[in-house]
Amino acid sequence: SRDNTIRFWNATDDNAQQVFDAGKGLECIASHPTEGVVMAGYKDGSVKRFTLGSGQAFELYGPKTLSRIDCIEYIDSERILVYTATGVLQVINATTGEAMNKIKVPRGNVNNNNKKMQAFPTKFGISDCREMVCCGNSTGEVFIFDINTSSRLNKLSMPRIRGAVTKSMFTKQSSSVIVTTDDAIIWRWDYKHPQHKSTKKLIM
C-alpha cells in the first residue's frame, strides 16, 4: 500500500495476519502459488522476499542495473519473472536469487531522448502452461516469448494500435491475448492458425 507496507490478510475473517514494513521504493508484488511468501520488486532493481511468520525481509536479488522493476510474477514455485524499465524480462531462482535466462523486449521506434516513453511501465502475462510470456512496449507492440529458451515466438502489432501497452495477458488455454493501451482501449488477439492472426477492439 502507499504507506510502504505489505499485508498478509486472512480472507475468511478479513483480519491482517501480519504487516511488513516494505521500505521505500516498493513497485510491485507477487504471491507464492501455495506458500505464505510474497516477492516484492523495487525502484532500485532489487527483489525482496517476505515470509509469513518471519519478522524480516530477505533481499533475494540485489540491484544489478539500478533499473526499476515494473512487474513481478511467479512462473512456478521455483522461479520468478521480473520486468525492468529497461525492457528486460529476467528469470530469477526464487530460492537462491540466481539470475537465469533473460529476454530483451524490443522497444519499438522510440526516440532515445524521450526517457518517459522508454521507461513506460507495463505488466506482462504468463500462459497457463507457464511456458510462454507476453509483454508489450511503448509503441503498441506485443511480443510472445518462450520462457525456457528465451526465443521469440510471435509479434502482435497493427498500425491502428499506437498507444503504449500498459498490460498484456493470455486467456485460458492461451487461445487469445488481451492487451490494454494507455489510450483507454482494450484489444484482443485471437489465435486461429500459425499464418493467421486476428485482432478486435473491445472497449474505447
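1. Two strands are said to pair if DSSP finds at least two bridges between them, and strands themselves (E, at least two residues) are DSSP runs, as are helices (H or I, at least four residues), all numbered from the N terminus. The model is predicted, so local features need pLDDT of at least 70 and side-chain atom pairs count only at pLDDT 80 or more, while totals for chains, interfaces and linings use all residues. Residues are numbered from 1 along each chain as its sequence is written, and side-chain values use heavy atoms, with hydrogens and water left out.

2. A good place to begin is the pair formed by strand E9 (residues 88-93) and strand E10 (residues 99-104), which are antiparallel and share four bridges. Within this pair, Ile-92 stands opposite Ala-99 of E10. E9 and E10 make a hairpin with five residues between them, and in that turn Gly-97 has a positive phi of about 80°.

3. Further along the chain, four strands build an open sheet in the order E11-E12-E13-E14, and their pairing is antiparallel. Strand E11 (125-126) and strand E14 (152-156) are the edge strands, each pairing on one side only. E11 is joined to strand E12 (residues 132-136) by two bridges, and Gly-125 has Cys-134 in E12 as its bridge partner.

4. The largest nonpolar core (a set of buried Ala, Val, Leu, Ile, Met, Phe, Trp, Tyr and Cys residues joined through side-chain atoms within 4.5 Å) holds 15 residues, of which Leu-81, Leu-89, Phe-124 and Val-133 touch the most other members. Here buried means under 20% relative accessible area, exposed over 50%, and partly exposed in between, with a 1.4 Å probe and protein chains only. Two or more residues of this core come from each of strand E8 (79-84), E9, E12 and strand E13 (142-146). Apart from this core lies another, of 14 residues, which includes Val-37, Ile-69, Ile-92 and Ala-94.

5. Val-133 deserves a separate look: leaving aside residues up to four places away in sequence, its contacts (heavy atoms within 4.5 Å) include Leu-81, Leu-89, Ile-103, Phe-124, Phe-143 and Phe-170.

6. Two serines should be checked for their backbone angles, since most residues other than glycine have a negative phi. Ser-150, in the loop between E13 and E14, has a positive phi of about 70° although it is not a glycine. At 21% relative accessibility, Ser-150 counts as partly exposed. Ser-174, in the loop between strand E15 (165-170) and strand E16 (176-181), likewise is not a glycine and has a positive phi of about 60°.
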